[in-house]
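The following exercises are to be worked through with the sequence and the coordinates at hand. Each task is followed by a solution in steps.

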Amino acid sequence: MTRADDDSAVEDQGKRSDSPNSAVGSQESSSGDLIPFRQALRTWFAISLQTFGGPAGQIAVMQRALVEDKRWISQRRFLHALNYCMLLPGPEAQQLAIYIGWLLNGVRGGLAAGTLFVLPGVVALLGLSVVYVAFGDTTIVTAVFAGLGPAVVAIVAQAVFRVGKRATTHPALISIAVGAFIALAVFGVPFPIVIAVAAFTGWLLSKIKPAALRAVSSEEDDTGPPPLIADDSLHAERPSAARTVRLLVVGVVLWGLPLIASALLTGTNSVFTTQGLFFSGTALVTFGGAYAVLAYVAQRAVETYAWLSAGDMVRGLALAETTPGPLIMVVQFVAFLGAYNNPGSLDPWVAGVLGALITTWVTFVPCFLFIFLGAPHIERLRSNHALSAALTGVTAAVVGVIATLALYFADHVIFARTFQLQWGVLEFGVPDLTSIRPVAVAITAVAVLMIFRLRWGVLRVLGISAVLGLVAAGFGLPVA
């Protein structure tokens, strides 16, 4: 296609009734919208229904809808926003939605985009949590989860491979990943400490061996038709101390309101207050995606708080993989079961829903705060080499963290029993080899084949694995 054809296509698109072209290239509307707000809402809702397949798939959906189809934003500006979101704790795909919503429609655009991005997943996983508690002991449901568990092991193993391929491009970075795995799996070092040490190591490497952190150059030039909205026309705000203080006060108050209400109404030791505080903390250390923090969540939720079993944790992750939205939504399932099993004076079903909603709130509210606070400073933050180096170290450590999660899930899916082995300062879980589950081994092998060899998508692998679980139960094989 020639440049003239491109220009003609832009002109034709601008004549369509659903195009914001009349507002583009001129003054912003009085509301600050570059895209008609109702049209933006419809687009973000449509995107939210397609956000399956983890952050890579979610980012690809937004890339196709916003950059290629609507052409509301340029490829260069899209990547510029994505790079910033990848520096933050939390689900980068949702934060990218908030950021682009802010660019197009200001604060209300960011609020709408971020909320719609997670809303379908919240509703879907809450419904699945209810079904799981109500019918999880039936033969059919047990058989389905007997297939889903092994699939999750294969999916997490794929995450180790994918992240490792991108993040461990130098022996020094491989050493960070291996060190993180050993620290967590063998020495039981707390997750936040591992992340802090990795960040410091990354910063140190930038001083003594900068070649280890040298980024691979990437082509970020726009090669397609120009966007309908010029980069310099996108929404922007001048950073100021007053703005920062105002956002911090409003954000922290909104973030903390459920915790304060929970502490006043149910007590500081209730499951709701405990979950709110715990998941508020995890929201601040979720670097590297959901898989990175889930090892920590699983350890504390299962072994420390006893909110659910290890098997429940694996099944919850499988359910979260089948719903739209960020994978970190699995914490909603964890909170639902934890509150249902420890309802206090409330009805268990009411407690479960309340725990799930509080946890969802404290997990995602920080995402909005991070974007609204940091967006005006994005250029300065992106040029901060010390920060980039520290986060490169964190990304390398994430490989070891996810490997720990894969090992944890494999132990509890493939073996019926595990026990803790302690030798001096070393303490780690060891599976009982006599309790191996042949059906789980077979389905895991099939799932690994589908993912690594056939390169099938997550939903397809989960579906086939669930069917294999049903088939195994139909033939009378042990699946419990």
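**Exercise 1. Partly exposed or buried**

Task: Determine the burial class of Tyr305 and of Phe278, and describe how the two rings are arranged.

Solution. The model is a predicted one. Tyr305 has a relative accessibility of 27% and therefore counts as partly exposed. The limit for a buried residue is under 20% relative accessible area. Phe278, at 8%, therefore counts as buried.

The next step concerns the rings. A pair of aromatic rings is described by the distance of the centres and the angle of the planes. For Phe278 and Tyr305 the centres are 5.6 Å apart and the planes are at 65 degrees, an edge-to-face pair. Planes over 60 degrees apart count as edge-to-face.

The last step places the pair in the chain. Phe278 belongs to helix α10 (residues 271–283), whereas Tyr305 is in the loop between α11 (290–304) and α12 (310–321), so the pair ties together parts 27 residues apart in sequence. Both residues are members of one aromatic cluster, which also contains Phe279, Tyr296 and Trp307. A search of the whole structure gives 14 aromatic pairs.

**Exercise 2. Charges over rings**

Task: Identify the ring over whose face Arg108 lies, and do likewise for Arg460.

Solution. Arg108 is placed over the face of Phe37, at 4.0 Å from the ring centre. For Arg460 the ring is that of Trp456, and the distance from the ring centre is 3.8 Å.

**Exercise 3. The nonpolar cores**

Task: Which residues touch the most other members of the largest nonpolar core, and which helix supplies the largest share of this core?

Solution. The largest nonpolar core has 143 residues, and within it Trp44, Met62, Tyr99 and Phe409 touch the most other members. Helix α5 (residues 92–135) supplies the largest share of this core, with 17 residues. Another core, of five residues, lies apart from it; among its members are Ala146, Ile443, Ala472 and Val479.

Phe409 may then be examined on its own. With neighbours within four places in sequence left aside, Phe409 is in contact with Val152, Val153, Val156, Met313, Val314 and Leu317.

For context, buried residues make up 51% of the 480 residues of the protein. In soluble globular proteins, nonpolar side chains tend to be buried together.

**Exercise 4. Two serine residues**

Task: For Ser465 and Ser435, state which backbone atom the side chain reaches, and describe the surroundings of each residue.

Solution. Ser465 is located in helix α18 (residues 458–474). Its relative accessible area is 0%, so Ser465 is buried. The side chain of Ser465 reaches the backbone oxygen of Val461 at 2.8 Å. Neighbours within four places in sequence aside, the contacts of Ser465 are Gly147, Ala151, Ile443, Ala447 and Met450.

Ser435 lies in the loop between β2 (426–431) and α17 (438–453). With a relative accessibility of 5%, Ser435 counts as buried. Here the side chain reaches a backbone nitrogen, that of Arg417, at 3.1 Å. Residues up to four places away not counted, Ser435 touches Ile414, Phe415, Ala416 and Arg417.

**Exercise 5. The protein as a whole**

Task: How many helices and strands does the protein have, and what share of the contacts with a separation of 6 or more joins residues 24 or more positions apart?

Solution. The protein has 18 helices and two strands. Residues 24 or more positions apart provide 72% of the contacts with a separation of 6 or more. The exposed area is about 22100 Å², of which carbon and sulfur atoms supply 64%.

Terms used
Residues are numbered from 1 along each chain as its sequence is written. This is a predicted model: local features need pLDDT of at least 70, side-chain atom pairs count only at pLDDT 80 or more; totals for chains, interfaces and linings use all residues. Side-chain values use heavy atoms; hydrogens and water are left out. Helices (H or I, at least four residues) and strands (E, at least two) are DSSP runs, numbered from the N terminus. Buried means under 20% relative accessible area, exposed over 50%, partly exposed in between (1.4 Å probe, protein chains only). Contact means heavy atoms within 4.5 Å. Accessible areas come from the Shrake-Rupley method with a 1.4 Å probe; for residues, only the protein chains shown count as cover. Rings of Phe, Tyr and Trp (its six-membered ring) pair if their centres lie within 6.5 Å; planes under 30 degrees apart count as stacked, over 60 as edge-to-face and the rest as tilted. A charge sits over a ring if NZ of Lys or CZ of Arg is within 6 Å of the ring centre and within 35 degrees of the ring normal. A nonpolar core is a set of buried Ala, Val, Leu, Ile, Met, Phe, Trp, Tyr and Cys residues joined through side-chain atoms within 4.5 Å. A polar contact is a pair of N or O atoms within 3.5 Å; within protein, one must be able to donate a hydrogen and the other to accept it, and residues adjacent in sequence count only if both atoms are side-chain atoms.
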